[in-house]
Amino acid sequence: MTGAILSALASHWRRNPLQLLTLLVGLALATALWSGVQAINAEARASYGAAAATLGEGRFAQITAKGGGAIPQHIYVALRRAGWMVSPVVEGRLGPVRIIGLEPLTAPGDLVPVSPASGADLGAFLSAPGQVFARKETLARLHDTGAQRIVAPNVAPGTAVTDIGLAQRLLDRPGQIDRLIVLAGQPLSRRPLAEVSPGLTLVSPRGDSDLSRLTDSFHLNLTAFGLLSFAVGLFIVHGAIGLAFEQRRPMVRTLRALGAPLRRLVALMAVELAVLALVAGMIGVALGYVVAAALLPDVAATLRGLYGAEVSGQMTFRPVWWLSGLAIALAGTAVAASGALWSLARMPLLGGAHARALGMSRRQGRQSAAAGLLLAVAAVLAIRGQGLLAGFAMLAALLIGGALALPPVLALLLAGAERRARAPVAQWFWADTRQQVPGLSLALMALMLAMAANVGVSTMVSSFRLTFVGFLDQRLAAELYVRVEDPAQADAIAAVAARHADAILPRPSVDRPVAGMPAQIMGLRDHATYRDNWRLLRAVPDVWDRLARGEGALINEQMYRRAGLDLGAGIPLGQASGRPDATLPVLGIYGDYGNPVGQVVLAEGLFRDLFPDAAVQQFGLRVDPGRVQALRDRLRTEAGVAEGAMIDQAAVKAASLAIFERTFTVTAALNVLTLAVAGFAILMSLLTLAAMRLPQLAPVWALGLTRRRLAALDLLRALVLAALTGALALPLGLALAWALLAIVNVEAFGWRLPMYLFPLDYLRLGMLTLLAAAIAALWPAWRLSRTPPAQLLGVFRHER
Amino acid sequence: MNAKVLAFLLLFPVAALAQGFAGLGTSAGDFAQPVPGKALRFPADHGPHPDFRIEWWYLTANMTGPDGTPYGLQWTLFRSALAPRDGAGWDTPQLWMGHAAVTTPDAHHVAERLARGGIGQAGVRADPFLAWIDDWAMEGPDLDSLRLTASGTDFAYDVRLRASGPLVLHGQGGYSVKSAAGQASHYYSQPFFRLSGTLTLPGGAVPVTGTAWLDREWSSQPLAGDQRGWDWFSLSFDDGNKLMGFVLRGATDYTAATWIAADGQATPLADGAFAATPLVRHGVAGRQVPTTWQVSLPARGVDVTVTAMNPDAWMQTSVPYWEGPVTITGSHGGTGYLEMTGYD
């Protein structure tokens, strides 16, 4: 019996290969987009982890030379002999590869590929010709060093780890060390650092979460994109499965009449779908790998430029992707098929295939009701909801509700057009279009979701760029920023700047918890630079005058949201400043994008009263843009400022803009991919409908419309439907962007991105949507124009 | 002898590590070999012998505080060579490892240091004498008068040592045989140090006085292939005589000992003269280690029970072992040190 059922089930696919193709390709594309995006995210995260592990920057304090530069090796020995448990590191570039030289006997165990405890060949690492550990792709780019090359996937991308002795020789830096890792366990007593060598400075561990927190926003955007792409794909799958089950109803009835048990039938159909899902899932994961590999270099460049996060531009294939990709394909199929299986299971044995038209209209009604309900839920969540989960639930309700609302709204619009039409052909055109909406509705929903996702994500990315660049304009209002190592250097910088800069803006600051959250408190000199450039999100009147008089403080948006300090609320600075009564009202709130901690800004004089011991950490220098380079050179030679301690406003801006161009490349590529998926859905729906529509077209043809004309009208119909869908998708996409910017971002990162509109982008997206629809409709239309007249005539010959 | 070699395995290539203690029985290759009849020369032989694979400067002390509380102290510097040559800078094949410990009746503090030779982080100079790794040092104008310092995360010590007797050569003029097959090392001791100084412990500083015993040994292949571990005793009897004895546990046990008279006169004792039998085993770090022994040397009328002062004196270092102070009862009274390896 089982064999007979299986062969009957399989015969359906044999007779409808196109349907099988739709199902497989749709599911594969959905899985591909989802797993591709996941792969990119996973690869980037793995890179951060490897970087933190290779450099130990997150976990260990470090000792560096004041003002940058190398530490002589004898200082390392002097520190060890003074009781400091430190381990030397030398770094440098050898062609395209960053070389890190470590000392395995003193380095923290997990930092070195051949730590004594790891059981690796320490002797070979230390003895000539030595060993170099790196990823495979890095080794391929590494010049021949004579050392043994060892593949180590855990080393950070673009980095090679070797013994410090070999590294010094390769980098031609004998006797030089760049920094010292300070180990966790230090002996009972050791001589003070300044006594051993006054030129050194101790840097606290950076905390490895910083980088991932900064980049989280970027990854969240990608994840949202991946999820939406998958939803688009699921619509295709749902459509294909729905159609297949619809057509198999008579067969199911026959099989059951012949005695096939319902349970076994349903079970076998579920197994059949699971097998198909696995096949499609595997194709999808492989495709996703291709997508990710193609996009990863751009993503890597973006992350490197934006956050300084080194990410491998190469994909490594991780087994967990296979599993998660297949799982999501199976889950997606289950979701898409559950309804169809359920209705088959409940089908009355003798009821048969023909009650569907009625069901269709009833389903339309249910669908409208569901759409209304979901949109209402989204609205309630948008107003009342709290937390990240509510944000995502709101997104889901909005998108599904919007998609479900599409067919009824389209039907309404087309009915309106039909009423206005006067010419008979036009009347027929609108009526026929409306009649086709149910058949095309799933494909159109997919198109709408794709378009909405693209509008939403484009808006978000572009808003992010505008905001970020504007933010840089504000926060980097001075032409040059200089980080200060110690008070003596601060004096030297001030002396150079007094002679060569137009204005000096010292920035003293302390890091203290305020209102229960980690925060930085800064003193700001009253200067036109700030008054002219800083734009405050909210402020009391005369905010700058009142700030200058020391009547209150400015706080960043993170502190406003997380600590709940609104305008006029008291900022408790008592604990931070050691003066119990120090409480200052909030005068203004400013945007501080990407910063994970809170900030409090005081007038310079008030800051010095509250924190008399705080040193100037940073100077802002105003100077004619043309003289920035000259000033940099003077600061370097006369005040001993390291090159890395100076931030040049123009350079930062240029770099940020270049980065955003990269981001747009990624976004644009994903746009085209999702629209292509939606276009494919339309193509498949039109092809399926083509055969069924012949009885409706034949009379019109018989009345005198040529096949060419009919085909042109079909093409036009696809364009009209796509245009209407696109127009409806625009508000949905904007709502999506708003939800991402104003709800999800705030919940996830504590700051809200202002939303900007980009009509030209939307127009371009609209054109792309039309293009996708036109390409999809072209082949079916061409086939229609070539339909043999005999076939059309056949419609009249058959009795219906 | 002392069989403190084991910790050295750590610094050997992994092949040796995988072989466990048998690693020390592997062929010495190009390294120099101990030669019988070779006269030791001082102070030159207080310094390192880079042509040999392994070497150590190993000091243990039995001390008491002002209230009579007994304490034990260990200061060890190991040298291990990847190749039989010296050299300057990172290229040198000479590696160094330090172990320091303080044992009280109810606590055992341990620290470990590792360093490359050639850059000044660790090394030994014979004259004036200096052995150091990081901030730990054993230093003095000569070997008779030394200052000894070390520190860990929870302890430190700073003590002075003054020799009250001559150097003692083990075996035949310092050529100490380790197995029936003829494996050997160069081995001499200074067992006559008087000690005074300060221990810094979690409870505060403790002034101490006592005695200390320095072992110097170097070799390239000290063990036979079947030898898996050893039990080593340095015993100072109340009557002024001292006894160094060890059992190398292999297919058949191999024992050797040196009887040291109060005036420093040393008598080597052949295989079988010295016997040590475990009486009580103690669970420490997941192993069963004998911490009470019956030790006998019938030729000298010695039949004593040797008991660990603190049975938990486990050295949780890169390669772990047991090392701690002991008290002696029976035919003789006294104090000493016990080391046990290979109890896996």
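**Exercise 1. Find the buried residues of helix α20 of chain A, and say how they are arranged around the axis.**

Step 1. Pick out the buried residues (20 or more other C-beta atoms within 10 Å of the residue's own; exposed means 12 or fewer, partly exposed in between; C-beta atoms are placed from the backbone). In α20(A) they are A:Leu631, A:Leu635 and A:Ala639.

Step 2. Check their directions. They cover an arc of only 40° around the axis, so they sit on the same side of α20(A). The arc is taken from the directions that lead from the helix axis to the C-beta atoms. An α-helix has 3.6 residues a turn, so residues three or four places apart point the same way.

Step 3. Turn to the opposite face. The face turned away from the buried side of α20(A) carries the exposed residues A:Gln629, A:Ala630, A:Asp633 and A:Thr637.

Step 4. List the packing partners. The buried residues of α20(A) pack against β11 (480-483), α14 (487-500), β19 (616-622) and β20 (646-648) of chain A. Contact here means C-beta atoms, placed from the backbone, within 7 Å.

A note on the model: it is predicted, so local features need pLDDT of at least 70 and side-chain atom pairs count only at pLDDT 80 or more, while totals for chains, interfaces and linings use all residues. Residues are numbered from 1 along each chain as its sequence is written, and chains are lettered from A and ligands numbered from 1 in the order in which they are written.

**Exercise 2. Compare the span of α20(A) with the expected one, and state what follows the helix.**

Step 1. α20(A) covers residues 628-639, twelve residues. Helices are DSSP runs of H or I with at least four residues; strands are E runs of at least two; both are numbered from the N terminus.

Step 2. From first C-alpha to last, α20(A) reaches 15 Å, close to the 16 Å expected at 1.5 Å a residue. The expected span is 1.5 Å times one less than the number of residues.

Step 3. A:Gly640 follows α20(A), with a positive phi near 65°.

**Exercise 3. Identify the pairing partners of strand β12 of chain B, and say how enclosed the strand is.**

Step 1. Count burial. In β12(B), residues 184-201, 13 of the 18 residues are buried, so the strand is largely enclosed by the rest of the structure.

Step 2. Find the partners. Strands pair if DSSP finds at least two bridges between them.

- β9(B) (156-163) is antiparallel to β12(B), over eight bridges. B:Val159 faces B:Gly197.
- β10(B) (168-169) is antiparallel too, over two bridges. B:Leu169 is matched with B:Tyr188.
- β11(B) (175-177) pairs antiparallel over three bridges. B:Tyr175 is matched with B:His186.
- β13(B) (204-219) runs antiparallel, joined by 14 bridges. B:Glu217 stands opposite B:Tyr187.

Step 3. Inspect the hairpins. The one between β11(B) and β12(B) has six residues between the strands, and B:Gly182 in it takes a positive phi near 105°. The hairpin from β12(B) to β13(B) uses two residues.

**Exercise 4. Work out the strand order of the eight-stranded open sheet in chain A, and locate its edges.**

Step 1. The order is β6-β5-β7-β4-β3-β9-β1-β10, with mixed pairing.

Step 2. The edge strands are β6 (148-151) and β10 (200-203) of chain A; each pairs on one side only.

Step 3. Look inside the sheet. β3(A) (86-94) and β4(A) (97-102) run antiparallel, joined by six bridges. A:Glu91 is bridged to A:Ile100.

Notes: Contact = placed C-beta atoms within 7 Å.
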